[in-house]
Amino acid sequence: MSQDNHNDPFALFRQFWQQATPPGMQAFLPPMSEEEIERKLAELKVVEGWLTMNLGVLTMQIKTLEMQKAALHSMRPKDPPIG
């Protein structure tokens, strides 16, 4: 054990969880240090920005298609009145 492990009462638990957790699930474990928290916050903010941008593009595409549909509907010839 290193000197850090003597000062960290949770080092044994952290080591156990890191070894017991499958590699794909380690991203869902809570960060254990302030540096890890800061890094994770920065990563999540980048992902949030990317998703927000994509949501804006998606919303714009939906509105454009709705406008095209309305334009096509308004240019459609009217049916003659029956009767």
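Visitor: How much accessible surface does the protein chain have, and what share of it belongs to carbon and sulfur atoms?
Guide: The protein chain exposes an accessible surface of about 8,000 Å², and carbon and sulfur atoms account for 66% of that surface. Please note that this is a predicted model.

Visitor: What percentage of the residues count as buried?
Guide: The figure is 2% of the 83 residues in the protein chain.

Visitor: Which residues form the nonpolar patch on the surface?
Guide: The patch is made up of Val47, Trp50, Leu51, Met53, Val57 and Met60. Together, these residues have about 610 Å² of accessible area.

Visitor: Where does Met53 lie?
Guide: Met53 is part of helix H3, which covers residues 34-75.

Visitor: How many helices and strands are there in the chain?
Guide: There are three helices and zero strands. The pattern along the sequence therefore reads α-α-α, a helix being a DSSP run of at least four residues.

Visitor: Turning to Arg14, which helix is it found in?
Guide: Arg14 belongs to helix H2, residues 11-20.

Visitor: Why is Arg14 called partly exposed?
Guide: Its relative accessible area is 22%. Arg14 is classed as partly exposed because this value falls between the cut-offs of 20% for buried and 50% for exposed.

Visitor: Which residues is Arg14 in contact with, leaving aside neighbours within four places in sequence?
Guide: Arg14 has contacts with Asp8 and Met32.

Visitor: How many residues apart are Arg14 and Met32 in sequence, and what separates them in space?
Guide: Arg14 and Met32 are 18 residues apart in sequence, while their C-alpha atoms are 8.2 Å apart in space.

Technical notes
Residues are numbered from 1 along each chain as its sequence is written. This is a predicted model: local features need pLDDT of at least 70, side-chain atom pairs count only at pLDDT 80 or more; totals for chains, interfaces and linings use all residues. Side-chain values use heavy atoms; hydrogens and water are left out. Helices (H or I, at least four residues) and strands (E, at least two) are DSSP runs, numbered from the N terminus. Buried means under 20% relative accessible area, exposed over 50%, partly exposed in between (1.4 Å probe, protein chains only). Contact means heavy atoms within 4.5 Å. Accessible areas come from the Shrake-Rupley method with a 1.4 Å probe; for residues, only the protein chains shown count as cover. Patches are made of residues with over 30% relative accessible area and no salt bridge: like charges are joined within 9 Å, nonpolar side chains (Val, Leu, Ile, Met, Phe, Trp, Tyr) within 5 Å. A salt bridge is a side-chain nitrogen of Lys or Arg within 4 Å of a carboxyl oxygen of Asp or Glu.
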